[in-house]
Amino acid sequence: MRKLFMSVMQSLKERTRQFVDSKHMLKSITVASFLESTIVPIPLEAVMVPLMQARREKLWLIAFMATLGCIVGALVGYGLGYYLFDAMGDWAINAFSNPEQFEQVKQKMQAQGFWFVMTLGIVPIPFQVAMLAAGATKYSLALFLLATTIARSIRYFGLALVVYYAGNQALNSDNKCNFSD
């Protein structure tokens, strides 16, 4: 069993190295960010931190491409809420949330708008509900895009800042946690 585990881990490391060194890495992170903001409610940070650490020379470009992918995804989600909510809203709500939660989100969207989108754009929770609610309530597209751009820039460029300033400690083997002190 241990050999199988080691083999799987070695294969995963090799594939990760191939991805990190790939000429399609930036396109891939943009697509992954788009998918994360639209249909895959899994935080992108799990991929971005090691990628940013491995490709520090492209740290800011990775953050930019992730932000761009998310903004495009947010536009798609907003458009679905705006144009197709009446036809597909029930399916979308059941896929990403539940009717009670969505009603609460709609009320918050109408009451807090910009700040609500900003908050949901920064915290690592699925953003799909906010996008659909913004479109379904016909919230201002310009304000929605502004809030999304600011929020996701804070999220991804903030992550880049952490990797930039603290990333070397993650690689330094002398920095071991000692819980016996």
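**Figure 1. The cavity inside the predicted model.** This predicted model encloses 1 cavity of 30 Å³ or more. The volume of the largest cavity comes to about 50 Å³. If you would like to select its lining, pick Glu36, Pro41, Ile42 and Pro43, together with Pro124, Ile125, Pro126 and Phe127, and finally Arg152 and Arg155. The lining thus includes the prolines Pro41, Pro43, Pro124 and Pro126, along with the charged residues Glu36, Arg152 and Arg155.

**Figure 2. Thr148 and its contacts.** Here we move to helix H7, which spans residues 141-171 and contains Thr148. Is Thr148 buried or exposed? Thr148 has a relative accessibility of 0%, so it counts as buried; the cut-off for buried is under 20%. Setting aside neighbours within four places in sequence, Thr148 is in contact with Ile71, Ala74, Val117 and Phe127. Phe127 may look familiar from the previous figure: Phe127 also helps to line the largest cavity.

**Figure 3. Helix H6, wrapped by the rest of the structure.** Helix H6 covers residues 128-136, and 9 of its 9 residues are buried, so the helix is largely enclosed by the rest of the structure. Which residues of H6 are buried? They are Gln128, Val129, Ala130, Met131 and Leu132, followed by Ala133, Ala134, Gly135 and Ala136. Just past the end of H6, have a look at the backbone of Lys138, where phi is positive at about 60 degrees.

**Figure 4. A nonpolar patch on the surface.** This view turns to a nonpolar surface patch formed by Leu61, Phe64, Leu68, Val72, Val76, Leu80, Tyr82, Tyr83, Leu84, Met88 and Trp91. Together these residues offer about 1000 Å² of accessible area. One member, Leu61, sits in helix H4, which runs over residues 59-96. With a relative accessibility of 36%, Leu61 counts as partly exposed, because that class lies between the 20% and 50% cut-offs.

**Figure 5. The whole chain, for orientation.** Stepping back, the chain has 7 helices and 0 strands, and its pattern along the sequence reads α-α-α-α-α-α-α. Of its 181 residues, 37% count as buried. What share of the contacts with a separation of 6 or more joins residues 24 or more positions apart? The share is 80%. The accessible surface of the chain is about 11100 Å², and carbon and sulfur atoms contribute 64% of it.

Definitions and conventions. Residues numbered from 1 in each chain as written. Predicted model: local features only at pLDDT ≥ 70, side-chain atom pairs only at ≥ 80, totals over all residues. Heavy atoms only, no water. Buried < 20%, exposed > 50% of the residue type's maximum accessible area, 1.4 Å probe, protein only. Helix = DSSP H or I, 4+ residues; strand = E, 2+ residues; numbered from the N terminus. Contact = heavy atoms within 4.5 Å. Areas by Shrake-Rupley, 256 points an atom, 1.4 Å probe, with all protein chains shown as cover. Patch = residues over 30% accessible without salt bridge, like charges linked within 9 Å, V, L, I, M, F, W, Y side chains within 5 Å. Salt bridge = Lys/Arg side-chain N within 4 Å of Asp/Glu carboxyl O. 1 Å grid on protein atoms, 1.4 Å probe; cavity = no way out; pocket = protein on both sides within 12 Å on 5 of 7 lines; lining within 4 Å. Points joined across faces, edges and corners; volume = space filled by probe spheres on them.
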